[in-house]
Amino acid sequence: MLLITGASGNAGGAVLDAALRNGSPVRAMYRSERDAGRGPTGDPAIADFSDKASLSRALEGIDRVYLVCGPIPQLVEYEINMIDACKATGVRHIVLNSAMGAGRFTKSFPSWHARVEDYLRGTGLDYTILRPNGFMQNIVTYDAASIRASGAFYAAMGDTRTSLIDVRDVGEIAAGILGDPRPHLAKTYELYGPEAVSNAEIAARISAVLGTPVSFVDIPEDAQRQSMLGIGMPEWQVTAILELQEYYRTGSCAAIDSVVAGLLGKPARALDAYLRENAAAFRRDPA
Ligand SMILES: NC(=O)c1ccc[n+]([C@@H]2O[C@H](COP(=O)([O-])OP(=O)(O)OC[C@H]3O[C@@H](n4cnc5c(N)ncnc54)[C@H](OP(=O)(O)O)[C@@H]3O)[C@@H](O)[C@H]2O)c1
């Protein structure tokens, strides 16, 4: 039986959907009854990474775990709690959701993920680590409201290119590994999307989908900082996002390779298809 943590989130939700499609026996872990009730599985566990007893209960009868936590400062502590609980309850394999840059970039989210990776490698448990690049879904999450309101989106990203990956591909890859982990023992996979695009190119692609102009505006980092603080984002999150962008601007997240297609056994999902599917999210609010 598989346990999929973070089932209410982007990555965990995608893994859960894919595992259910594969016909795997699955338990989905949520923090709240409300989210569990909305989820697609009939066998939810309610547990919290900060509550070790709840983790042991969620792991009863489980032999493989997909481990993901949101990008929050407690990520290291929480994921280590879960790894310890897995070890104590006899889980046989963990697929850990990490992030591009872990082990290379010593700040922001990648540095947090690296600490969990190192801990997991030292436990003696069987594992596979996934380091996805930025998700295509971030375009809707972070930029769609601004595009709807003003036909533009803003960031201190210059002409940096990033090979964004569709989180549904991450979900299918993780579910496939959970279904048969043997070929993936002790492997760490960096998951790049199928093409590297700049924000200006993303704006042009959205313009083409909508038939109306959309632009990307490169802004100074401090302007982005003030804007994020102004909408109430906490300081730690603003700093982590800006530091992550600093890593993107090195060009380190623009690679393209055949790893994702190889793991999927088919081509990775394309950015244009993602943008077409989500066209409604970018359409201007009626005046
Ligand atoms: N977004 C990207 O572009 C990207 C790219 C590469 C890697 N990543 C990494 O991928 C990870 C997941 O990202 P995501 O976009 O899927 O995040 P997300 O949508 O925020 O999902 C996070 C999940 O973690 C759960 N969670 C948080 N605190 C918890 C706790 N104390 N106990 C149990 N569950 C808890 C959340 O549950 P609730 O719904 O109850 O809060 C949610 O299901 C992050 O660590 C991020 O660094 C993200």
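The following conversation concerns a predicted model of a protein chain.

Visitor: How many helices and strands does the protein chain have?
Guide: The model is predicted, and its secondary structure comes to 13 helices and 11 strands.

Visitor: How does the radius of gyration of the chain compare with the globule rule?
Guide: The radius of gyration is 19 Å, close to the 19 Å that the globule rule gives for 287 residues, so the chain is as compact as a globular protein of that length. Along its principal axes, the C-alpha trace spans about 55 × 40 × 35 Å.

Visitor: What share of the residues is buried?
Guide: Buried residues make up 51% of the 287 residues. The accessible surface comes to about 12700 Å², and 51% of that surface belongs to carbon and sulfur atoms.

Visitor: And the contacts, what percentage join residues at least 24 apart?
Guide: Counting contacts between residues at least 6 apart in sequence, 73% join residues at least 24 apart.

Visitor: Let us turn to strand 2. Why is it largely enclosed?
Guide: Strand 2 covers residues 26–30, and 5 of the 5 are buried, so the rest of the structure largely encloses it.

Visitor: Which of its residues point which way?
Guide: Val-26, Ala-28 and Tyr-30 point one way, while Arg-27 and Met-29 point the other way. In a regular strand the side chains alternate between the two faces of the sheet. Here the residues pointing either way are all buried, Arg-27 included.

Visitor: Which strands are joined to strand 2, and do they run parallel or antiparallel?
Guide: Strand 1 (residues 2–4) is joined to strand 2 by 3 bridges, and the two run parallel. Strand 3 (residues 44–46) is also joined to strand 2 by 3 bridges, again in parallel. In the pairing with strand 1, Leu-3 stands opposite Arg-27; in the pairing with strand 3, Ile-46 stands opposite Tyr-30.

Visitor: What unit do strand 1, helix 1 and strand 2 make?
Guide: Together with helix 1 (residues 10–22), the two strands make a right-handed β-α-β unit.

Visitor: Changing topic: how many residues does helix 10 have, and how far does it reach?
Guide: Helix 10 (residues 235–248) has 14 residues and reaches 20 Å from its first C-alpha to its last, close to the 20 Å expected at 1.5 Å a residue.

Visitor: Which of its residues are buried?
Guide: They are Val-238, Ala-240, Ile-241, Leu-242, Leu-244, Gln-245, Tyr-247 and Tyr-248. An α-helix has 3.6 residues a turn, so residues three or four places apart point the same way.

Visitor: What do those buried residues pack against?
Guide: The buried residues of helix 10 pack against helix 5 (108–121) and helix 9 (221–230), as well as strand 7 (152–155) and strand 8 (161–162).

Notes: Residues are numbered from 1 along each chain as its sequence is written. This is a predicted model: local features need pLDDT of at least 70, side-chain atom pairs count only at pLDDT 80 or more; totals for chains, interfaces and linings use all residues. Side-chain values use heavy atoms; hydrogens and water are left out. Buried means under 20% relative accessible area, exposed over 50%, partly exposed in between (1.4 Å probe, protein chains only). Helices (H or I, at least four residues) and strands (E, at least two) are DSSP runs, numbered from the N terminus. Two strands pair if DSSP finds at least two bridges between them. A crossover is right-handed if, with the strands pointing away from the viewer, the path from the first strand over the helix to the second runs clockwise. The radius of gyration is taken over C-alpha atoms; the globule rule is 2.2 Å times the number of residues to the power 0.38. Contact means heavy atoms within 4.5 Å. Accessible areas come from the Shrake-Rupley method with a 1.4 Å probe; for residues, only the protein chains shown count as cover. The expected span of a helix is 1.5 Å times one less than its number of residues.
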